[in-house]
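User: Please take a close look at the charged pairs and the cysteines in this model. I would like one connected answer.

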Amino acid sequence: MVATVYLKPKRDKSLRARHPWLFSGGIASVDGSPQLGETVAVHSSKNDFIGYGAWSPDSQIRVRMWTNRKEEINTDFFRNALMLAIQSREALGVSANNTAYRIIAAESDGFPGLVLDRYGDYLVAQFLSAGVEYWKSTLVELFAELIPCKGIYERSDVAVRRKEGLEQVTGVLYGEKPPEKIEILEEGRKYWVDVLNGHKTGFYLDQRDSRSLLARYTNNKTVLNCFSYTGGFSVAALQGGAASVVNVDASQTALDLSSQAVELNSLDDNKVEHINADVFKLLRSYRDEGKTFDVIVLDPPKFAENRNQIKKAARGYKDINLLAFRLLNPNGLLFTFSCSGLMEANLFQKIVSDAALDANCRSAKIVKKMDQASDHPTALPFPEGYYLKGLLCQI
Ligand code: SAH
């Protein structure tokens, strides 16, 4: 018998609406002594069955829901959920034009805390909650069964694991260890991905659509690609016919993969510069030198990891956006992003608006909004799954 978690009065509403998180404050009592990650039944204060979830004793999010139905949480349950996730990517056409894409986007695909990405012949997984950690070996067997691959690699070296009472861990889960760099194809663009040491699972798959969009606006343009990582936007800009691309990042290993990507796509490396620098400083020196560009990309890392950091994050976004607006030529385009889920879309727009005003770009407008690619869906009852916001602004 699984343990039963009883809710406080009126705390069943969001769970019934299929939000997957039960916070510790909503719990009245627990019947039984569930262990880390084990399945618990959740009942309302009136003892109605609400669903089954995974027990996270160390986290404020005490239970992450698996289902609202009376069904057993077992291998077949996960096989069905995984098949749905795989089929949705096929139906969206993502797997037709890309050898790298997200197969499981955590809560939004019914696997709270689990990320599964495909990079060519390899899968890379992050197990970020007690529930998916508990089922890890079952899940890995299912991945290998349903997704043909040479190997599955774990990149659970993420700080949030601590909140779940889990250590950070990396390593081979199945088959072969991935090579140091994997070649992937994204909508006609080729990239090198270091899944062993790169950021997240190796690549910013979520920016796929915005990279394709950028390519439409770069013909004969001068492009400044800030926070360029391994060259995602750079290859797109060059394929779009850019006259020149300046890439700026603080990581030399990322910049090295970026210049190798130029070669991989047989693009002209005379048009590309790679600068290892702090974007905040480099934008200032460009301003002082009077350097300008036709197109600027600002795709910074997460500036806000928690609510206390939102103010500081806002200052960071304002700073780089203000500088970028100053560096734009007439009719210039700014592709500006925030990947902090805590930074709400309206606030981000306000910050960018203030930046334009202070940069004296009074007529700046949004010509397009951007967000995460379709293999990073947002379950309707889980708005927290929507995190990547972008504004394409023209001055
Ligand atoms: N646009 C990229 C992803 C950017 S991720 C893509 O499409 O793939 C953010 C990048 O910012 C990382 O590569 C990180 O090394 C870099 N970075 C973080 N802080 C920085 C800073 N202050 N100056 C320059 N680069 C920075």
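**Cysteines and salt bridges**

Analyst: Start with C393, which is buried, with a relative accessible area of 4%. This model is predicted. The cut-off for buried is under 20%, so C393 falls within that class at 4%. C393 takes part in no disulfide. Its nearest cysteine sulfur belongs to C361 and lies 9.8 Å away. A disulfide needs two cysteine sulfur atoms within 2.5 Å, so 9.8 Å does not qualify.

The whole structure gives the matching result: a search finds zero disulfides. C339 is likewise in no disulfide. For C339, the nearest cysteine sulfur is that of C226, 15 Å away. C339 is buried too, at a relative accessible area of 15%.

Now the charged pairs. Side chains of opposite charge can pair when their charged atoms come close. The count here is 23 salt bridges.

One of them joins R79 and E145. Their closest N and O atoms are 2.9 Å apart. The cut-off is 4 Å, so the pair at 2.9 Å counts. R79 sits in helix α2, residues 75-92. E145 sits in helix α5, residues 136-146. The two partners are 66 residues apart in sequence, so the salt bridge ties together separate parts of the chain. R79 is partly exposed, with 23% relative accessibility. E145 is also partly exposed, at 47%.

Another salt bridge pairs R211 with E186. The N to O distance is 2.8 Å. This pair also links distant parts of the chain. R211 lies in helix α6, residues 208-215. E186 lies in strand β12, residues 182-186. They are 25 residues apart. Both R211 and E186 are buried. The R79 and E145 partners, by contrast, are partly exposed.

A third example is R287 with D288. Their side chains meet in a salt bridge at 3.2 Å, N to O. R287 is partly exposed, with 33% relative accessibility. D288 counts as exposed, at 60%.

Some salt bridges share partners. In this way E133, K136, E154 and R161 are joined into one network.

To sum up, the model has 23 salt bridges and zero disulfides. The charged pairs described here include buried partners, R211 and E186, and an exposed one, D288. The cysteines C339 and C393 are buried.

How values were computed. Residues are numbered from 1 along each chain as its sequence is written. This is a predicted model: local features need pLDDT of at least 70, side-chain atom pairs count only at pLDDT 80 or more; totals for chains, interfaces and linings use all residues. Side-chain values use heavy atoms; hydrogens and water are left out. Helices (H or I, at least four residues) and strands (E, at least two) are DSSP runs, numbered from the N terminus. Buried means under 20% relative accessible area, exposed over 50%, partly exposed in between (1.4 Å probe, protein chains only).
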